[in-house]
Amino acid sequence: MRKLLVAFDGSDNARRALQYVVDLAGELKSVPQVHVINVQQEPVLYGEYVSASMIEEINNGLMAQSRGLLDEASKTLNAAGIQAETHTVMGNAADQISAAVSRLGCDTLVMGTRGLGNFTGLVMGSVTNRVVHESAIPVVLVK
């Protein structure tokens with residue numbers, strides 16, 4: 001376990017997943033390289049009264065929200081002596097998390113079992129379920 005990706009959406013489970021990484025790093029001989037990702041779902045807009053500037057304003061708001069969440073995650077990790085690289089992306093959460101694993105060369109993914117999405121699965125969230133089934137690397141799920 002040398003390079004971890006933590007999917008962080010600000011939910012209670014995501015905060016516990018982040019704390020898991022802090023606790024794990026304290027037990028390891030060397031601090032792993034940590035990447036934290038926040039994925040913002042692109043808005044679905046209907047109608048003909050949506051201008052490009054409205055879409056840009058919405059996207060800027062989503063990106064600002066993402067940066068705030070990632071700042072929170074960074075502060076938690078930094079307080080434990082862990083330096084982390086943060087990534088904010090737009091799109092489908094499961095797709096973007098899987099793409100980040102490949103792009104960053106991560107060997108372990110850490111995420112909560114449920115996030116802030118609208119749809120909830122019976123045992124775990126739909127994003128988590130999809131990532132677990134599609135992932136080629138170990139996934140640590142934190143309740």
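**Strand E4 and its surroundings**

Leu5 has Leu109 as its bridge partner in E4. The model is predicted, and this briefing follows the parallel pairings of E4 with strand E1 and with strand E5. It then turns to Val101, a residue of helix H3 that is in contact with Leu5.

**Strand E4**

- Strand E4 spans residues 108-112, and 5 of its 5 residues are buried, so the strand is largely enclosed by the rest of the structure.
- In a regular strand, side chains point alternately to one face of the sheet and to the other.
- Cover is present on both faces of E4: Thr108, Val110 and Gly112 are buried on one side, while Leu109 and Met111 are buried on the other.

**Partners of E4**

- E4 pairs with strand E1, residues 3-7, in the parallel sense, and 3 bridges connect the two.
- Within this pairing, Val110 in E4 has Val6 opposite it, and Leu109 in E4 is the bridge partner of Leu5.
- Strand E5, residues 139-142, also runs parallel to E4, to which it is joined by 4 bridges.
- Val140 in E5 is the bridge partner of Val110.
- Val110 is thus matched with Val6 as well as with Val140.

**Strand E1 and its link to E2**

- Of the 5 residues of E1, 4 are buried, so this strand too is largely enclosed by the rest of the structure.
- E1 pairs with strand E2, residues 33-40, through 5 bridges, again in the parallel sense.
- One of the facing pairs consists of Lys3 and Gln33, the latter in E2.
- A right-handed β-α-β unit is formed by E1, helix H1 (residues 12-27) and E2.
- E1 therefore has parallel pairings with E4 and E2, given that two strands pair if at least two bridges are found between them.

**Val101 in helix H3**

- Helix H3 covers residues 93-104 and includes Val101.
- Is Val101 buried or exposed? Its relative accessible area is 11%, and it counts as buried because that class takes in values under 20%.
- Beyond its neighbours within four places in sequence, Val101 is in contact with Leu5, Cys106 and Ile137.
- Among these contacts, Leu5 is the residue whose bridge partner in E4 is Leu109.
- Val101 and Val89 are 12 residues apart along the chain, and their C-alpha atoms are separated by 13 Å.

Technical notes:
Residues numbered from 1 in each chain as written. Predicted model: local features only at pLDDT ≥ 70, side-chain atom pairs only at ≥ 80, totals over all residues. Heavy atoms only, no water. Buried < 20%, exposed > 50% of the residue type's maximum accessible area, 1.4 Å probe, protein only. Right-handed = clockwise from strand over helix to strand, strands pointing away. Contact = heavy atoms within 4.5 Å.
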